[in-house]
Amino acid sequence: MEREELLKKVKSIVADKLNIGEEQITENASFTQDLGADSLDTVELVMALEDEFGLNIPDDEAEKLNTVGKALDYILEHYKGK
Amino acid sequence: MIFTNRVSLVTGASQGIGEAIAEELGREGATVVLVDVQKDKLEQVASRLAGLGIRALPYEADVTDSTRAAQVVDEVVDTLGRLDHLVNNAGITRDSLLLRMKEEDWDLVLRVNLKGAFNFSRAALKPMFTARYGRIVNIASVVGQMGNFGQTNYAASKAGLIGFSKSLAREVAARGITVNCVAPGYIATPMTDKLPEEVKKAFLDIIPMKRFGLPVEVARAVKFLCSDEASYITGQVINVNGGMYM
Ligand SMILES: NC(=O)c1ccc[n+]([C@@H]2O[C@H](COP(=O)([O-])OP(=O)(O)OC[C@H]3O[C@@H](n4cnc5c(N)ncnc54)[C@H](O)[C@@H]3O)[C@@H](O)[C@H]2O)c1
């Protein structure tokens, strides 16, 4: 999957979960500092990404995915599907 | 019927209070998922409920097994599409004075009564989070509030369940999920049948209503907490004990 295509998908998931506009969601945006996610939102986001991309993200890895870009990197590296 | 299209999972559902809870929720239209270790009884209860027109699905599972808990919840969500209510009811006693209590009896009671609720709550929260709706009811006990001679392990597990419920209630409140406890007093079930007559009599003496409770009387409180009537109630303990503890 292309990064651009992935960014689009991730944007729509993040916008939905955090209830924010997609225009705020850039690669550099930090989930907690820029997008207003609290600790529960973060857990939910990870769960949603796992579901969408058929991944199983271990907790210690999940903790490092604090920006949209880092989440993209992780998914691109681990996503094997379709 | 208030639970049409809802799905309820009840642990320890093959007899006693759990069976009554499954029936009570099922009578309101919920599809009930019955979890227990007693396979044969589980099947019997499922067919008895089916006879009442209730859709009841038996799942043989040990609540202490976290992998199995996740598997059961996944299967339920895959086949039924949702999970609205979780009732952590499976519980055991292994009574003895602390001085004589075997370490394995301490561990087993905490594993079933407390960790069992952790296992199923953690698994059930995923679909509840996604749905932004859920009801978790944990069956505690008056013994978790008053203490009881010979039941240090059981009392610790039930008091633990109350602290667990209050903490989880805070964590998930903003997601439309409530977590409460029902704390029964002395209820006539297979668990209490095995007590000696003099112990039963001593209990009757301290129950203002002068009778033991019925499983259905506990089940009705669970039904209330699962209903939309209880939408603003979370982190609470409802005592169903005939006034034994106030
Ligand atoms: N009966 C009472 O007076 C009373 C009072 C207060 C609280 N409670 C609580 O209510 C709940 C139900 O009690 P009851 O009186 O119906 O007891 P019970 O012994 O009649 O039923 C408990 C059920 O849990 C099942 N179970 C036990 N260990 C399990 C495990 N590891 N995995 C899955 N299922 C398991 C048993 O097979 C049984 O079907 C318990 O949590 C109990 O502590 C009962």
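Let me begin with a term: a residue is called buried under 20% relative accessible area, exposed over 50% and partly exposed in between, with a 1.4 Å probe and the protein chains only. What we have here is a predicted model, in which local features need pLDDT of at least 70, side-chain atom pairs count only at pLDDT 80 or more, and totals for chains, interfaces and linings use all residues. Residues are numbered from 1 along each chain as its sequence is written, chains are lettered from A and ligands numbered from 1 in the order in which they are written, and side-chain values use heavy atoms, with hydrogens and water left out.

Two backbone positions come up before the ligand. A:Asn19, which is not a glycine, has a positive phi of about 60°; this residue sits in the loop between α1 (3-18) and α2 (39-53) of chain A, and with a relative accessible area of 72% it is exposed. In chain B, Arg132 also has a positive phi, near 55°, and B:Arg132 is partly exposed at 37% relative accessibility.

Now to the ligand, which is surrounded by 29 residues, near meaning that a heavy atom lies within 4 Å, and the closest include B:Gln15, B:Asp36 and B:Tyr154. As for polar contacts, here pairs of N or O atoms within 3.5 Å, a ligand nitrogen is 2.9 Å from a side-chain N or O atom of B:Asp62, while a ligand oxygen is 2.8 Å from one in the side chain of B:Lys158. The protein covers 93% of the 830 Å² of accessible area that the ligand has on its own, by the Shrake-Rupley method with a 1.4 Å probe.

How values were computed:
Helix = DSSP H or I, 4+ residues; strand = E, 2+ residues; numbered from the N terminus. Polar contact = N/O pair within 3.5 Å; in protein donor to acceptor, adjacent residues only side chain to side chain.
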